[in-house]
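Hi everyone, thanks for making time. I'd like to walk you through a structure that's new to most of us, so have a look first and then I'll talk.

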Amino acid sequence: MGNSSVFFGIAEIGYFVAMMVYIAYFVFKGEYLGKGATTVTIVSFLAQTAAFISRWVESYNLGIGRPPLTNLYESLVFFVWCLMLGYLIVEFKYKRRSLGAFVTPLAALALGFVDLTGMSKKIEPLVPALQSNWLLAHVTMSFIAYAAFGLSFAAALMYLIVKTERRNEPAYVFWSVSSSVFFIVIFAMLLDYMNYKVVGESTEGFIKNYLFKTTFRNASSGVAVFSYIVAGIVVFLTWRYGYIIKKAINGFNVSVDFLDELNYKVIAVGFPIFTLGGLICGAVWADQAWGTYWSWDPKETWSLITWLVYAFYLHARYLKGWRGKKVAVVSVVGFITVIFTYLGVNIFLSGLHSYGDMP
Amino acid sequence: MMNQGMTDKTRDKTSIVNTIWGLFSSVRLAVILIAMIALLSIVGTLIEQGAEPEKNVILFKKIFGDALAPAAYRISESLGFMDMYSSWWFLALLALLATNLIICSLDRLPGIRRIVSKPMEPLKEDGFGHHGINKQFVCNGSLTDIRVKVVTALRQLGFHPSEFALERGVQYYAQKWQHARYAVYVIHLNIIVILVGAVVGIQFGFHGFMKIDEGQTTDTAISRKGEEHHLGFSIRCDDFNVQFYGDTDMPKTYLSFLTVLENGKEMLKTSIEVNRPMSYKGYTFYQASYGPLGEGSGVLVLRVTSKDGKSEVISKNVGDVLNIQGSALEAKIMAFSPALAFNKEEKAYTYTDMLNNPAIYVVFREGRTEKYGGWIFKRYPKSWNIPDGSKLELIDNWGYQYTGIQVRKDPGVWIVYLGCICMTLGLYFAFFLSHKKIWVLLVGDKGKVDIKIAASAHKNRGAFDTSIDKAFGPLRDQIGRDQPAANTKGG
Ligand code: HEM
């Protein structure tokens with residue numbers, strides 16, 4: 001292992017710290033906390049950039065020589081890099097930090113998933129089907145778009161929290177349940193991680209044998225039932241006391257129009273990139289490699305579904321009564337589709353894409 | 001409507017047409033159709049498409065339980081869910097979406113054309129203050145001076161302003177990027193183009209597969225339905241090779257050397273690999289798979305190098321004997337293994353029938369006495385040395401493999417790509433360019449100039465607002481001390 005893993009280690013720890021500080025800033029406000037959070041994020045981002053470059057150099061030294069964007073590990077890490085770059089741009093452009101408390105957990109989740117599943121970090125040469133510049137363009141642009149969608153997800157979630165008033169409103173139920181499930185998943189994975197340390201198994205094997213085994217899928221049914229009860233209580237508490245989060249956000253004087261606008265703007269950036277990179281470059285690659293630009297295999301179909309969800313979002317904004325809350329829900333659903341397209345398809349559905357196969 | 005008296009037949013007809021037109025010109029229908037296509041596509045990824053029934057029956061058992069699964073499966077199958085994306089109702093949904101797009105575009109285009117082609121006109125004085133962006137401030141200086149500065153500022157913003165003279169001043173007005181309003185239609189039109197390209201490909205194209213043994217020639221591809229399809233020319237596989245990374249069995253390249261023949265004449269000699277297909281007369285050939293042909297069917301290509309460095313290339317079969325030049329040795333090829341490895345007890349065994357690590361077992365004799373014997377590998381030069389100083393190298397094994405080639409003819413693919421390119425351009429224009437208008441009114445008054453700005457952008461107004469502030473910044477710095485700046489932003 002070369003420099004890249006050292007830099008990457010710094011970045012990884014840095015992002016986790018940044019997440020904590022952003023959340024602390026979110027709760028306690030305090031300008032020094034905000035400045036601290038930004039500083040930690042910038043340092044981690046620079047470390048990750050250094051890791052990216054030195055990994056690229058290392059691959060040349062190994063005689064493989066390609067940008068580090070070709071397997072699941074590298075692409076997830078690249079996603080985090082784009083997400084943080086996009087976030088920093090938004091933070092500096094609009095001078096607003098509160099979004100950080102919603103974006104950094106996404107980065108932490110992605111990196112946590114990398115470590116938890118112990119996926120191979122080795123620089124491997126590419127099998128023939130993957131030796132294509134179209135594929136490289138496809139992956140790069142897809143992940144830039146995914147990062148934009150990740151930002152829109154954070155903005156939409158914040159929007160929903162600020163905008164909903166009553167606990168029996170569907171939009172309120174939606175955000176409180178989806179965000180608490182999100183945090184429960186992170187937390188359960190963290191417990192697995194502490195329990196099993198790094199597991200050098202295939203990701204599918206990991207999912208089968210370890211994921212949530214500390215909690216929901218514990219061998220002892222007592223622990224499992226207890227975990228479900230605790231999770232239920234967390235969801236309930238988030239739902240019951242969601243107004244505390246709402247108050248915390250209100251303390252920042254973030255205007256809802258800003259969040260709605262930001263949500264639309266990042267999707268406006270992400271959608272064309274996803275169309276060109278995610279769908280078109282992917283289709284050209286498939287055409288070059290196999291002689292069909294579209295074969296309805298699950299991975300392709302899920303990319304199309306993601307694209308349709310965002311097309312739905314763009315058009316729903318034109319319908320009366322679909323402004324604001326409803327389209328924000330669509331944006332959150334859109335990002336859930338993104339996650340499923342990237343991870344769910346490999347884990348739950350079989351496809352002919354050897355690319356996504358987890359090492 | 002139904003409850004109205006149907007007295008006038010023609011009116012009734014037009015009203016049906018109107019109802020249908022109204023339905024298909026609505027964005028609401030578009031949103032419903034997009035959602036339905038997305039949801040059904042999800043179903044299509046859960047049920048494995050075109051798979052053996054058993055696979056999906058297992059899934060159905062999980063969902064519906066053992067008792068209901070067979071019936072549920074039969075119903076779903078008859079509805080076409082097992083080959084969903086070519087079922088009539090899925091194609092019908094796509095057709096509806098296309099109709100929706102066309103009618104919706106036709107419905108709106110005239111209005112958009114009117115907006116785009118309408119020339120800019122100066123704004124009446126009371127029109128200021130009622131646009132998306134409104135600004136007002138006062139500058140010190142003569143009207144002639146300020147006019148120059150205003151024109152400069154407008155040019156800087158990318159406008160070519162027209163001038164309209166007033167009694168005590170002047171109005172400048174301009175618009176740009178009005179054609180950006182068409183961008184959304186470019187996107188929609190090209191979705192249709194892509195669908196048309198796909199239909200052309202399905203109607204007039206061909207998809208098939210060819211399996212050619214090394215050294216063989218064929219002019220037939222097998223279609224996906226299993227029918228024979230004659231290309232009108234023949235392809236010969238001259239050689240097929242797999243290259244590996246270093247010592248590993250990780251493939252680096254799959255390489256087929258092909259010759260195109262027409263009436264026995266060689267027309268083209270080329271090689272294909274994955275991601276590097278070849279085209280001939282509308283057909284494209286893709287390296288897709290390969291495999292072994294079974295034992296003893298091929299030729300071994302060997303290079304013999306004598307002690308004094310002279311070498312020759314010869315072809316032999318298993319069981320043949322060859323003489324090593326410049327030595328009394330005689331070599332007999334005893335066996336061939338496509339993929340040889342040694343186990344823990346140093347015993348040789350073949351680990352796969354793919355030709356990952358070809359080797360021959362050779363026994364060297366001098367007269368009647370056996371001197372040495374051993375495995376000679378294609379991939380390991382160390383194994384080529386013979387103890388007496390000469391060399392026997394396995395260069396190639398030929399006729400042991402077939403290459404699998406995907407064949408495609410798709411006259412629609414260029415239509416699809418053209419549609420993709422234009423749709424992407426449309427997307428960039430739709431999101432990043434907007435139709436911008438600006439009016440600037442200057443009224444001179446005793447060494448001061450009263451400036452009013454009205455502006456609009458059909459998208460991304462905030463950014464336009466900021467750039468106006470930037471361009472007019474130097475002017476605003478001259479604001480008279482006694483007159484505070486006013487900046488109103490209205491609806
Ligand atoms: C999946 C297919 C479709 C895609 C990818 C698509 C894409 C887009 C995009 C990117 C925009 C611009 C949105 C914005 O500026 O925020 C748009 C606007 C629009 N689309 Fe679509 N569209 C699709 C299908 C349809 C269909 C079937 C209709 C039929 C009614 C339709 C009608 C409209 C209308 C009316 C607008 C607004 C135009 C305006 O700004 O005045 N779209 N579409």
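One bit of vocabulary before anything else: a residue is buried if its relative accessible area is under 20%, exposed if that's over 50%, and partly exposed in between. And keep in mind that this is a predicted model.

Okay, let's start with B:Trp177. Its relative accessible area is 44%, so we call it partly exposed. You'll find B:Trp177 in chain B, in the loop that links strand E3 (169–176) to helix H6 (183–204). What's the sign of its phi? Positive, about 55 degrees, and yet B:Trp177 isn't a glycine.

There's another residue like that in chain B. B:Lys281 also isn't a glycine, and its phi is positive too, at about 50 degrees. B:Lys281 sits in the loop between strand E9 (278–280) and strand E10 (283–292). With a relative accessibility of 56%, B:Lys281 counts as exposed.

Now back to helix H6, and on to the metal. Which residues coordinate the iron atom of the ligand? They're A:His315 and B:His188, each through NE2, at 1.8 to 2.0 Å. That pair goes across chains: A:His315 belongs to helix H11 of chain A (residues 298–316), and B:His188 to helix H6 of chain B.

Why do we call the iron site octahedral? Because its 6 donor atoms subtend angles of 87 to 179 degrees. For six octahedral donors, the ideal would be 90 or 180 degrees.

And are the two histidines buried or exposed? A:His315 is at 22%, so it counts as partly exposed, while B:His188, at 18%, counts as buried.

Terms used
Residues are numbered from 1 along each chain as its sequence is written. Chains are lettered from A and ligands numbered from 1 in the order in which they are written. This is a predicted model: local features need pLDDT of at least 70, side-chain atom pairs count only at pLDDT 80 or more; totals for chains, interfaces and linings use all residues. Side-chain values use heavy atoms; hydrogens and water are left out. Helices (H or I, at least four residues) and strands (E, at least two) are DSSP runs, numbered from the N terminus. Buried means under 20% relative accessible area, exposed over 50%, partly exposed in between (1.4 Å probe, protein chains only). Donors are N, O and S atoms within 2.8 Å of the metal (3.2 Å for Na, K and Ca); water is not among the atoms, so sites may look incomplete. Four donors count as tetrahedral if all angles lie between 85 and 135 degrees; four count as square planar and six as octahedral if opposite donors are over 155 degrees apart and all others between 65 and 115; anything else is irregular.
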